Amino acid sequence: MPGSADDSIVLQNHLGAYRSASGSNVNKAQVLNFFFRFESFANDNNEYRDLSPLFVGTIVKDTDLPDSVVLRTALGFISEASKFSQLLSLGLVSWGSGEKSKLRQARFYLRRAYNIAPVFNYARAIVNLGILHKILKKHFYWPRITTQLALTIFVTDRNDPTIEKNEYILQKNLRAFCACSAYAFHMARKKLNINKMGRVTPNPF
């Protein structure tokens with residue numbers, strides 16, 4: 001989201017503060033939850049948008065955190081997430097052999113996703129991932145790890161009783177983070193009969 005030349009100067013000044021700010025003030029989960037749930041950080045090509053002072057200011061206002069903290073967290077996330085998405089999109093995940101190996105690898109990438117963006121219930125996501133693999137085995141259907149991660153986080157988020165209906169992770173953001181195309185995501189949901197609330201019939205989650 002490019003801004004004006006004056007905005008660019010302001011952003012550069014903020015970047016200087018970002019580099020010198022203390023990490024002890026960062027509330028990563030608070031910033032990223034707002035980032036994922038209320039602001040679209042991805043464009044139509046599943047790429048991360050540029051940060052702007054207005055964008056940072058919106059998060060600052062909602063989280064009541066210093067702008068340098070918000071900027072540092074957002075920049076750090078975009079850097080890590082971009083590398084993670086690029087790794088996933090290359091399709092070079094080594095599965096090994098056997099069902100346990102597939103699940104172990106999926107857990108590894110789910111853990112990496114949580115470390116980068118702790119915006120979902122990780123303990124519940126691990127359980128849901130195991131259930132998802134049982135469903136995939138039943139359907140003789142194994143989508144890419146990108147789709148598995150997106151589905152797992154989607155189901156976990158939609159079934160979290162602590163989250164209000166209008167506060168769910170934006171699907172566009174989730175797909176960008178997991179390097180999962182809209183086509184692959186919705187095709188898998190349809191094939192597995194997962195509705196908009198992240199539930200199937202019967203509901204194993």
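Reader: In which helix of the chain is confidence lowest, and in which is it highest?

Author: Confidence here is given as pLDDT, the predictor's own score for each residue on a scale from 0 to 100. In this chain the score is lowest in helix H1 (residues 5–20), with a mean of 38, and highest in H7, with a mean of 96; helices and strands are DSSP runs numbered from the N terminus, a helix being H or I over at least four residues and a strand E over at least two. Residues 1–26 have a pLDDT below 50, although the model gives this stretch 27 contacts (heavy atoms within 4.5 Å) beyond near neighbours in sequence. Where pLDDT is low, the predicted coordinates should not be read in detail. Across the chain the average is 82, and 81% of the residues score at least 70.

The model is predicted, and local features are reported at pLDDT of at least 70, side-chain atom pairs at 80 or more, while totals for chains, interfaces and linings use all residues. Numbering starts from 1 along each chain as its sequence is written, and side-chain values use heavy atoms, without hydrogens or water.

Reader: How many residues of H7 are buried?

Author: Burial is judged by relative accessible area: under 20% is buried, over 50% exposed, and in between partly exposed, with a 1.4 Å probe and protein chains only. By that scale 14 of the 14 residues of H7 are buried. The helix runs over residues 145–158 and reaches 20 Å from its first C-alpha to its last, close to the expected 20 Å, which is 1.5 Å times one less than the number of residues.

Reader: Which residue forms a salt bridge with Asp157?

Author: Side chains of opposite charge can pair when their charged atoms come close. The criterion is a side-chain nitrogen of Lys or Arg within 4 Å of a carboxyl oxygen of Asp or Glu, and the whole structure holds 2 such bridges. Asp157 pairs with Arg37, with closest N and O atoms 2.8 Å apart, and this joins helix H7 to helix H2 across 120 residues of sequence. Both partners are buried.

In the other bridge, Lys28 pairs with Glu80 at 3.9 Å, linking helix H2 to helix H4 over 52 residues. Here Lys28 is partly exposed at 27%, and Glu80 is partly exposed at 39%.

Reader: Which residues touch the most other members of the largest nonpolar core?

Author: Such a core is a set of buried Ala, Val, Leu, Ile, Met, Phe, Trp, Tyr and Cys residues joined through side-chain atoms within 4.5 Å. The largest has 56 residues, and Phe35, Phe41, Phe77 and Phe177 touch the most other members. The elements giving it two or more residues include helix H2 (28–38), helix H5 (99–116) and helix H9 (182–192), while H4 supplies the largest share, 8 residues.

Beyond its neighbours within four places in sequence, Phe177 has contacts that include Phe36, Phe77, Ser85 and Ile116. Ser85 belongs to helix H4 and counts as buried because its relative accessibility is 9%; with the same neighbours set aside, Ser85 touches Tyr48, Ala176, Phe177 and Ala179.

Reader: How many disulfides does the structure contain?

Author: A disulfide is a pair of cysteine sulfur atoms within 2.5 Å, and by this rule the count is 0. The cysteine sulfur nearest to that of Cys178 is in Cys180, 7.1 Å away, which is too far for a bond. Cys178 counts as buried at 0% relative accessibility, and Cys180 counts as buried at 1%.
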